[in-house]
Amino acid sequence: MLFFFDPAMLALGDILFLTGLTMTIGVSRTMRFFAKPDRLRGMISFFGGIVLVLIRWPIIGMMCQLYGLIYLFGQFFPIVAQSLENIPVVGEILRMPSIENFFANFGKSSQADRRAPV
């Protein structure tokens, strides 16, 4: 709990997240993902959160980053939930009607055109 809001640790986590994303999908796809104009609000929020963490406002920075991540990767959450439905215990929880409806409406797109955001 001591290092939970430590700005250096949070900044290191941000750098590792961006590095991992780049190494997973490649440099050009990462640049294309962040360069799309419809994701500008999420990008500003996420990178603004990183700046806030670096200037030692970790709680507000983490909230901005969380909003940015949800805005940037929100379409991907229903895909993950659909994949997790095959896991025995988790699948039973995700098949509950209220949770199923939440993930069905979370991505803001129809089931036919739902795909990974990258």
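**Helix faces and aromatic pairs in an all-helical chain**

On α2, the exposed residues Met31, Arg32 and Ala35 are carried by the face turned away from the buried side of the helix. The model described here is a predicted one. The buried residues of α2 are Thr30, Phe33 and Phe34. These residues cover an arc of only 90 degrees around the axis, and they therefore sit on the same side of α2. The cover over the buried residues of α2 includes α1 (7-25), α3 and α4.

Each buried residue of α2 can be described in turn. Thr30 lies in helix α2, which comprises residues 27-35. Its relative accessible area is 6%; since buried means under 20%, Thr30 counts as buried. When neighbours within four places in sequence are left aside, Thr30 is in contact with Leu21, Thr22 and Ile25. Phe33 has a relative accessibility of 1% and is therefore buried. Phe34, at 10% relative accessibility, is buried as well.

The chain as a whole contains 7 helices and 0 strands. Its pattern, read along the sequence, is α-α-α-α-α-α-α. Of the 118 residues in the chain, 27% are buried. Among contacts in the chain with a separation of 6 or more, 58% are made by residues 24 or more positions apart. The chain exposes about 8,100 Å², and carbon and sulfur atoms supply 71% of this area.

Helix α4 was examined in the same way as α2. It has 16 residues, which at 1.5 Å a residue should span 22 Å; the end C-alpha atoms of α4 are 22 Å apart, so the two values agree. The buried residues of α4 are Pro58, Gly61, Gln65, Gly68, Leu72 and Phe73. Seen down the axis of α4, these residues fall within an arc of 100 degrees, and so they line one face of the helix. The face of α4 turned away from this buried side carries the exposed residues Met63 and Leu66. The buried residues of α4 pack against α1, α2, α3 and α5 (77-84).

Leu72, one of the buried residues of α4, can also be placed relative to a residue of another helix. Leu40 belongs to helix α3. Leu40 and Leu72 are 32 residues apart along the chain, and their C-alpha atoms are separated by 8.9 Å. Leu40 is partly exposed, because its relative accessible area of 44% lies between the limits of 20% for buried and 50% for exposed.

Aromatic side chains were considered next. The structure holds 7 aromatic pairs. One of them joins Phe33 and Phe34, whose rings are 5.2 Å apart centre to centre, with 75 degrees between the planes; this pair is edge-to-face. Another joins Tyr67 and Tyr71, with ring centres 6.1 Å apart and planes at 35 degrees. This second pair is tilted, because an angle of 35 degrees is neither under 30, as in a stacked pair, nor over 60, as in an edge-to-face pair. Tyr67 and Tyr71 are 4 residues apart in helix α4, which means that about one helical turn separates them. Both tyrosines are partly exposed: Tyr67 has a relative accessible area of 40%, and Tyr71 has one of 29%.

Phe33 and Phe34 also belong to one aromatic cluster, which is formed by Phe17, Phe33, Phe34, Phe46, Phe47 and Phe73. Phe33 and Phe34 are among the buried residues of α2, and Phe73 is among those of α4.

One residue outside the helices was also noted for its backbone. Arg56 is found in the loop between α3 (40-54) and α4 (58-73). Most residues other than glycine have a negative phi. Phi of Arg56, in contrast, is near 70 degrees, a positive value. Arg56 has a relative accessible area of 61%, and it counts as exposed because this value is over 50%.

Conventions: Residues are numbered from 1 along each chain as its sequence is written. This is a predicted model: local features need pLDDT of at least 70, side-chain atom pairs count only at pLDDT 80 or more; totals for chains, interfaces and linings use all residues. Side-chain values use heavy atoms; hydrogens and water are left out. Helices (H or I, at least four residues) and strands (E, at least two) are DSSP runs, numbered from the N terminus. Buried means under 20% relative accessible area, exposed over 50%, partly exposed in between (1.4 Å probe, protein chains only). Contact means heavy atoms within 4.5 Å. Rings of Phe, Tyr and Trp (its six-membered ring) pair if their centres lie within 6.5 Å; planes under 30 degrees apart count as stacked, over 60 as edge-to-face and the rest as tilted. The arc is that of the directions from the helix axis to the C-beta atoms. Accessible areas come from the Shrake-Rupley method with a 1.4 Å probe; for residues, only the protein chains shown count as cover. The expected span of a helix is 1.5 Å times one less than its number of residues.
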